[in-house]
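Okay, I think everyone's here, so let's get going. I've got one chain to walk you through today, and I'd like you to keep it open on your screens while I talk.

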Amino acid sequence: MVNKNATRIRIFDDLNTAKYNSSILLLIPPSMATFPPLQNDLILRAARGEQVERPPMWVMRQAGRYLPEYHKVRAGHDFFEMCRTPEIASTITLQPIERYEDLDAAIIFSDILVIPQAMGMVVEMVEKKGPHFPEPLDTPEDVAKLKRLGEGCDVKKELGYVFEALTLTRQKLAGRVPLLGFIGAPWTLMAYMIEGGGSKTFTKAKSWLFKYPEDSQKLLQDITDVAVEFLAQQVVAGAQMVQVFDSWAGELSPVEFAEFSLSYLRQISKRVPERLAELGQERVPMTVFAKGAWYALEALCDSGYNVVGLDWTHDPAEARKIANGRVTLQGNMDPNVLYGGKAAIDKAVKRIVEGFGGGKQGYIVNLGHGVTPGVNPEDLGFFLRKNHEYGSA
């Protein structure tokens, strides 16, 4: 379904035309850009814990491979080339907003692994395989090769394309919905940097934690320093809410999660607002999503974030009891329900909305993880419409 909002900016099929128009929009740098007022601030109000007329909706990986219009743009382009080209990244970011009128937020098209790239590592995206690091970190001595914040890693220079994409997209949105930025959490990024890609066992990365705990802490701190600056600069460029993805949190035991993940997540939630104040920026709502770390919900609710994302292993009603109004909860339908047909989707949505108490306070609709490539876009649209229906009741 196409958004008929009169203020919407058309997504150009001809990327040459898009590039011409985008270059006009980017005549001023991101730090000096001004933006139209928001027409839909539902997700920001919900993130702050306010009562809302219905729960706001967005989904992880909503701009991506399940959409045919994405593949039309993707043809002939390397994945990271698309991330590094603001016109293309902006176009892809807006595709689901154009298709689904029920979405209440856009999330910038990028990747969590741009931070290792900014720190000097080569990362490739291999078709049908995923990310690949040709030269992963094998021993602590390899960490010396990395660029650190202020010591070779200039975030504004290395990741300027993300900031340009954010500013351009915010301008194109024209206030229709808020724009979200994001980063990968330090532990998740460290795991990729050592494993050289995804893993089923994470033997290499977890071995570091046990063999080289002090070196692991130093590496995590270096990543955290870059992550804080990157998130803060995303807000300067136009992000109105940000999320930290700890995709591999569930690979850690409660003890290791507390030491090697949670402590750095807490740093990010504390230091980003402080850095924003230094930059003359107001703080924005922050979300943490620690996939698989069901045991840490109590701690995450006290970790300094406004919103805690839940994967599908959480029971909504039980999660509400644990949160006890301290944070807004986000989630958490299993993405695979989208393959089950409309009856299954309807049933799951109704159960989840009821589990979150109707969703009019302290709740943001999302999936328990990202949309997978084989999902029928019409089924995702049905998921959104049913949430709108049950959440408005």
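Let's start with S110. Skip the neighbours within four places in sequence, and S110 is in contact with F79, C83, V162 and F182. The serine itself is found in the loop between β1, residues 106-107, and α6, residues 114-118. Buried or exposed, then, for S110? Buried: its relative accessibility is 14%, and the cut-off for buried is under 20%.

I should say right away that this is a predicted model, so please hear everything that follows in that light.

Now zoom out. The chain has 16 helices and 11 strands. Its radius of gyration is 20 Å, close to the 21 Å that the globule rule gives for 393 residues, so the chain is as compact as a globular protein of that length. If you like boxes, the C-alpha atoms fill one of roughly 55 × 50 × 45 Å along the principal axes.

How much of the chain is buried? Buried residues come to 58% of the 393. On contacts, take those with a separation of 6 or more: 74% of them are between residues 24 or more positions apart. As for the surface, the chain exposes about 16200 Å², with carbon and sulfur atoms supplying 51% of that. And on charge, there are 44 positive and 48 negative, and their mean positions are 4 Å apart.

Next stop, strand β10, which is where you'll find G331. This glycine has 0% relative accessibility, so it counts as buried. Who's around it? Again leaving out neighbours within four places in sequence, G331 is in contact with L310, I352, F356, Y363, I364, V365, N366 and L367. For a distance to check on your screen, try P316: it lies 15 residues from G331 along the chain, and the two C-alpha atoms are separated by 8.7 Å.

Here's the bit I'd like you to zoom in on. The peptide bond from G331 to N332 is cis, with omega near -5°. N332 is found in β10 too, so look for that bond in the strand.

While we're on backbone angles, there are two residues other than glycine to show you. A174 has phi near 55°, a positive value. A174 sits in the loop between α8, residues 160-173, and β6, residues 179-184. The other one is N324, with a positive phi near 50°. N324 is in the loop between α14, residues 316-323, and β10. Which of the words buried and exposed goes with each? A174 is buried, at 15% relative accessible area, whereas N324 is exposed, at 65%.

On to the helices, and α9 to begin with, residues 186-195. How many of its residues are buried? That's 10 of the 10, so α9 is largely enclosed by the rest of the structure. The list includes W187, M190, Y192 and also E195. Just after α9 comes G196, taking a positive phi of about 85°.

Then there's α16, residues 377-392. With 16 residues at 1.5 Å a residue, α16 should span 22 Å, and its end C-alpha atoms are 23 Å apart, which agrees. Among its buried residues are L380, F382, F383 and L384, and also D379 and K386. What do the buried residues of α16 pack against? They pack against α3 (68-74), α5 (86-99), β10 (328-333), α15 (342-355) and β11 (363-367). So there's β10 again, the strand that holds G331.

Last one: V235, found in helix α11, residues 213-237. V235 is buried, with a relative accessible area of 7%. Neighbours within four places aside, its contacts are V242, L276, Q281, E282 and V284. Compare that with A393: V235 and A393 are 158 residues apart along the chain, and their C-alpha atoms are separated by 34 Å.

If you only rotate to one spot after this, make it the cis bond from G331 to N332. Okay, that's my tour, over to you.

Key
Residues numbered from 1 in each chain as written. Predicted model: local features only at pLDDT ≥ 70, side-chain atom pairs only at ≥ 80, totals over all residues. Heavy atoms only, no water. Helix = DSSP H or I, 4+ residues; strand = E, 2+ residues; numbered from the N terminus. Rg over C-alpha atoms; globule rule 2.2 N^0.38 Å. Buried < 20%, exposed > 50% of the residue type's maximum accessible area, 1.4 Å probe, protein only. Contact = heavy atoms within 4.5 Å. Areas by Shrake-Rupley, 256 points an atom, 1.4 Å probe, with all protein chains shown as cover. Lys, Arg positive; Asp, Glu negative; His and termini not counted. Charge placed at Lys NZ, Arg CZ, Asp CG, Glu CD. Expected span 1.5 Å × (residues − 1).
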